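Colleague: Could you take me through one part of this model closely, namely the surroundings of the first ligand, and then set that part beside the other sites and the paired chains?

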Amino acid sequence: MFKWLDPLAKPETLFHFCGKLTPWLMGSAIFTMLLGNIWGLGFTPTDYQQGDSYRIIHIHVPSAIMSMGAYMAMAIAAFTALVWQIKTAQWAVLAIAPIGAVYTAIALLTGMAWGKPMWGAWWVWDARLTSQLILLFLYFGVMALHGAFSDRQTGAKVASLLAVIGVINLPIIHFSVEWWNTLHQGATITKFGKPSIDPSMLWPLLISLLAYKLLLAALACYRLRTAILENEQHRPWVKQWVAKQ
Amino acid sequence: MVKFGVFLKRELRLLARQKSDWLNPVLFFVIVLTLFPLGVGPEPNMLRIIAPGIVWIAALLSVLLAAERLFKDDYRNGVIEQLVAARHTLLAFVLAKIASNWLSTGLPLILLAPVVALLFNMELPALQAMTLTLILGTPVLSLLSVLGAAITVSADKGGILLALLILPLYIPLLIFASAAIEAASMGLEYRGQLAVLLAIVLFSLALVPMAVCSALKINVS
Amino acid sequence: MVKFGVFLKRELRLLARQKSDWLNPVLFFVIVLTLFPLGVGPEPNMLRIIAPGIVWIAALLSVLLAAERLFKDDYRNGVIEQLVAARHTLLAFVLAKIASNWLSTGLPLILLAPVVALLFNMELPALQAMTLTLILGTPVLSLLSVLGAAITVSADKGGILLALLILPLYIPLLIFASAAIEAASMGLEYRGQLAVLLAIVLFSLALVPMAVCSALKINVS
Amino acid sequence: MNIAQSTFAVTAPVLLSAQGLSCVKQDRVLFEQLSLQLKPGELLQIKGKNGAGKSSLLRILAGLARPDEGELAYLTQPLSTQLADYAANLCFIGHQSGIHEQLTALENMQFWRAAAELRAVDDYALLAALGLAGLEDIPCKMLSAGQQRRVSLARLWATNAQIWILDEPFTALDQSAISSLQQHFIQHLTQGGAIILTTHQPLTLDYHALHALEIQYRW
Amino acid sequence: MNIAQSTFAVTAPVLLSAQGLSCVKQDRVLFEQLSLQLKPGELLQIKGKNGAGKSSLLRILAGLARPDEGELAYLTQPLSTQLADYAANLCFIGHQSGIHEQLTALENMQFWRAAAELRAVDDYALLAALGLAGLEDIPCKMLSAGQQRRVSLARLWATNAQIWILDEPFTALDQSAISSLQQHFIQHLTQGGAIILTTHQPLTLDYHALHALEIQYRW
Ligand code: HEM
Ligand SMILES: Nc1ncnc2c1ncn2[C@@H]1O[C@H](COP(=O)(O)OP(=O)(O)OP(=O)(O)O)[C@@H](O)[C@H]1O
Ligand SMILES: Nc1ncnc2c1ncn2[C@@H]1O[C@H](COP(=O)(O)OP(=O)(O)OP(=O)(O)O)[C@@H](O)[C@H]1O
Ligand SMILES: [Mg+2]
Ligand SMILES: [Mg+2]
């Protein structure tokens, strides 16, 4: 495993590796995205309770799930960066953070848009909603922290540290928020139960999920390449590469 | 006033260089607001009742925190020392600081009002009243916080001292602003409260900048 | 641990030299608490319901404000740089900072609990629960705030950023502490919540000091 | 000092004069009954051991602090009635550099242009002449100690002020920067300017009217 | 350099050595392929213009920053495996003085005694010898620039560390303080210590093994 990963720590190798990967990832992301959405939006039956508004599920659920997946990916990169002192991993953290934040925001916004017809309010202080909001804050924290240092290196390292600390916090927040709600017995709105999903809806959903995953990988690779170029601009290999373009 | 322009540009440039300077107060404001439902409980009616007070307390705290370090860098680097030595440009400098503080914290809070209304399920009239009180009130917040920052600039640990000096001055603002929002949410007239807020703004606009200048002079000598 | 003693004495000496360092957080706490009745309205029942959450939010903000400048002076003067160069004494130094932060802000808040109970018309069981949660929770507050201060020590603007980083981490504490107080005021059992708080304290005591050390190292290099 | 110069100095007006100054810090008298005069073309070097009171004197002369006793006069008028005029004719650079760490060298110059009425010179050319070519556009925080000092001193090439008060201007500068700064001092002096400075390093050039004032370290 | 000394230097173990160091800031290469050796009894002066990269090099040598390329060794072992031992044998004083402004000179010494394993010397006598008699008990904030520097350097009289890394130690000091500091350098060197320093002021005493390493300012 390490034999395979070790050369990737070198910026130059990683740059070319990502360069090769990006078009494939992007292509398959677009393909699955189209497939999932056309199938999901066009060819699934209308829900007898919710009408057509439930179709937002094809954006909401994958982005919600992948917002957490992105955080995990970011935290793993951060952990690698701190323990093995790998610079490229630091850059990966910063490459993933904004994508994760956007996913989180999409999940929140689509959820709110869905909640208005369902619950009659844009926002309720439900456990899942609250923890998703806090996830957004965690992403913002990582990004803001990076921006607050004029020394780029320090900023990247510190942001990695926070990303790692945040991952310990993620399950804690998740569960405590859940308990908080049951403890209080205050919520007047019954939480949305797990709707048992018809297979005809499940498949497009799973495809969309894959699409979001691929898109995350593609965008992360792309951003990582940019970051490598930015940080290594003084190196001869970058100059050679630029000259070739 | 040409100088005011130059100085304001400098402050805005500093803000642009560090986006966190204006992003953070906004995020802080939102985070403090989310703490309340977590601490007090998610009951919507309860939240709607306490919302006006909480919004204003959160606004106060975020402006205060943003102002805290306003003069610190310039003091430590000797910039203020030299402005005091140069004398005539000090007031323009202070006005630029106040303006940039408001632009970077007060203004975003006003723009954020709809989001707040959403989080707390506020109705349209309450939202309107909240926006109006924020428009009138945030300049006062900025003025007072800048004053506090100037007073404590050479104090060895400014942070909390600043908060202490400013919080009592802020009480009238808090009372009238939250009363206005409350009145609005019950469908009542609230022009009276707005008039009081207006008076407070004008009063502090007239007095505070001079006070800031002399506070800086005292701190340098 | 002899070193821990020396370092703690140094911190306490600094506190003794600047009384505002520990007086101000306490006063800030009280002032923020008095703002709530002003902002939210003086209705006693309402106040009693929101009291637990508000006490804990005020406690957080005051510990946070106190922590903000904890490392700044030592960073600017190059003290931290040299401690990092000397390596083995860094942990003792960090522990002393955490201890002094708690002694100067957490402890006074605990002693202040009866006054708070009075302000908000809390009953005896609620007061007891509040004191217990403060005893268990304020060390966590100190730990987290010191961590935030260490992370941002070389950042260009500390204040609000610190708050932004720490607030999410602080949410479990807030939820369980205020739930405990609420349960107590309704005459219910609250050992479960206390146990969770205890777990959080132990967990953060074990991990945070190391994290602070590495944050300082990163900031210096 | 050649004779032509000293005659010039006698007939020239006194720019700044101090009579019977004293300064007390805590319970220590740093200096007492100190008097001095500054005329156009003169360089006055305040000497003394560490802690003698040089910086304290300079801050008093710059109008930043008040003397415990004694009078200051600008162009023979009491300073207190002339503060604005004096300030406009003064350039003070203290132990602190007076530049903002987050701003670039260029932006700091622009700020000083507005704050202290600098001449509209070409900042790029000026900074390049000071050895900062290519570094005009990064925040000063990222400059080395000596480079920050250079940015701070760049003001001296653009100011119209006649009186310069400089507290250890040579700190952190390398030898070539020190000698070009001294060259600039001489130019300023021959154009009728006047300088008060402290430094622990020797002044190496040949000044026409170099006066020294030694403050004894007292305990 | 006399012959006896240089033989000693050849046979002595290498305390600190660096191979092929390079340092990159932003997009600028400050130095590349820089190598050096430090033996007991040697004083190594890093020279270079403002901004050449002297401070950056010292921070790397002190283990505070990592080089972008290259290896460091302490007593011929890689530094990364020896960090704790190396730190215990090192005294680093950078551009910043490392003293807390609110604490008195004595209290700062006590703090350093705990933090950096200073010898138990008589602090009062030491501070008095450094010209701070009577100022031991006021917060360092109230000391002059040079006095603060003296407090910071007082550590050098009480440390057991063999390797000293000093970034412009003479800043703000007056001539007498500079020469007594240099005297102390010589004493340290003859006792088998080693020093790396930067300074823009000339070293005036006669050192037995004085090496210089010049970093060219590159753009
Ligand atoms: C702002 C509002 C909302 C937010 C922040 C939100 C957040 C989330 C999150 C984080 C997940 C992923 C859960 C997991 O992976 O375990 C999720 C899944 C889901 N959400 Fe939402 N949601 C919101 C509103 C809604 C609404 C109004 C509905 C429909 C009634 C809804 C239906 C679902 C469904 C069906 C799933 C997938 C089921 C599952 O994985 O258990 N959400 N949502
Ligand atoms: N954090 C940083 N980011 C970018 N560039 C930096 C940073 N720190 C230093 N530099 C650059 O590195 C160069 C060397 O700085 P350094 O402080 O090592 O110089 P120096 O040789 O000590 O100079 P001086 O004699 O002025 O102290 C400078 O030109 C500076 O612009
Ligand atoms: N705020 C203060 N309170 C008490 N004493 C002070 C204060 N500021 C300075 N001093 C004392 O005044 C004396 C003179 O300080 P000053 O800074 O003027 O010295 P200096 O001649 O500039 O020395 P240096 O060469 O070190 O810069 C010092 O001995 C210092 O202890
Ligand atoms: Mg001085
Ligand atoms: Mg240097």
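Modeller: In this predicted model, the shell around ligand 1 draws at least two residues from each of three helices of chain A, namely helix 3 (57-84), helix 4 (87-119) and helix 5 (127-147). Helix 4 of chain A is the largest contributor, supplying seven residues of that shell. Sorted by character, the shell residues comprise 13 nonpolar, four polar and two charged. There are 19 residues around ligand 1, and those that come nearest are A:His60, A:Ile65, A:Gly111, A:Trp114 and A:Gln132.

A:His60 deserves a closer look, and this residue belongs to helix 3 of chain A. Its NE2 atom is the only protein donor of the iron atom of ligand 1, at 2.1 Å. A polar side-chain atom of A:His60 also lies 2.8 Å from a nitrogen atom of ligand 1. A further polar approach to the ligand comes from A:Arg128, where a polar side-chain atom is placed 3.4 Å from an oxygen atom of ligand 1.

A second metal site can be set beside this one. The magnesium ion, ligand 4, has as its protein donors D:Ser55, through OG, and D:His95, through NE2, which lie 1.9 to 2.4 Å from the ion. D:Ser55 sits in helix 2 (residues 54-61) of chain D, whereas D:His95 sits in the loop between strand 6 (90-93) and helix 4 (105-116) of chain D, so the pair ties together parts that are 40 residues apart in sequence. D:Ser55 has a relative accessible area of 23% and is therefore partly exposed, and D:His95, at 32% relative accessibility, is likewise counted as partly exposed.

Chain D also has a copy in the model, since a rotation of 180° with 0.0 Å of shift along its axis superposes chain E on chain D, with an RMSD of 0.1 Å. The two copies are thus related as by a two-fold rotation axis. Both copies use the same surface, given that 100% of the contact residues of chain E recur in chain D. Within chain E, the residue that comes closest to the rotation axis is E:Thr171, with its C-alpha at 3.2 Å.

Chains B and C form another pair of this kind, and here a rotation of 179° with 0.1 Å of shift along its axis superposes chain C on chain B, with an RMSD of 0.2 Å. Of the interface residues of chain C, 100% are also interface residues in chain B, so these copies meet through the same surface.

Inside chain B, B:Thr105 offers a last detail, as a residue of helix 6 (residues 90-119). With a relative accessibility of 1%, B:Thr105 counts as buried, because the cut-off for that class is under 20%. Apart from its neighbours within four places in sequence, B:Thr105 is in contact with B:Pro25, B:Val63, B:Ala66 and B:Ser142. For one of these partners, B:Ala66, the separation from B:Thr105 is 39 residues in sequence but 7.3 Å in space, taken from C-alpha to C-alpha. The side chain of B:Thr105 also reaches back along its own chain, to the backbone oxygen of B:Asn101 at 2.7 Å.

Note on methods. Residues numbered from 1 in each chain as written. Chains lettered and ligands numbered in written order. Predicted model: local features only at pLDDT ≥ 70, side-chain atom pairs only at ≥ 80, totals over all residues. Heavy atoms only, no water. Near = heavy atom within 4 Å. Polar contact = N/O pair within 3.5 Å; in protein donor to acceptor, adjacent residues only side chain to side chain. Helix = DSSP H or I, 4+ residues; strand = E, 2+ residues; numbered from the N terminus. Nonpolar A, V, L, I, M, F, W, Y, C, P; charged D, E, K, R; others polar. Donors = N, O, S within 2.8 Å, 3.2 Å for Na, K, Ca; no water. Buried < 20%, exposed > 50% of the residue type's maximum accessible area, 1.4 Å probe, protein only. Least-squares fit on C-alpha atoms with pLDDT ≥ 70 in both. Contact = heavy atoms within 4.5 Å.
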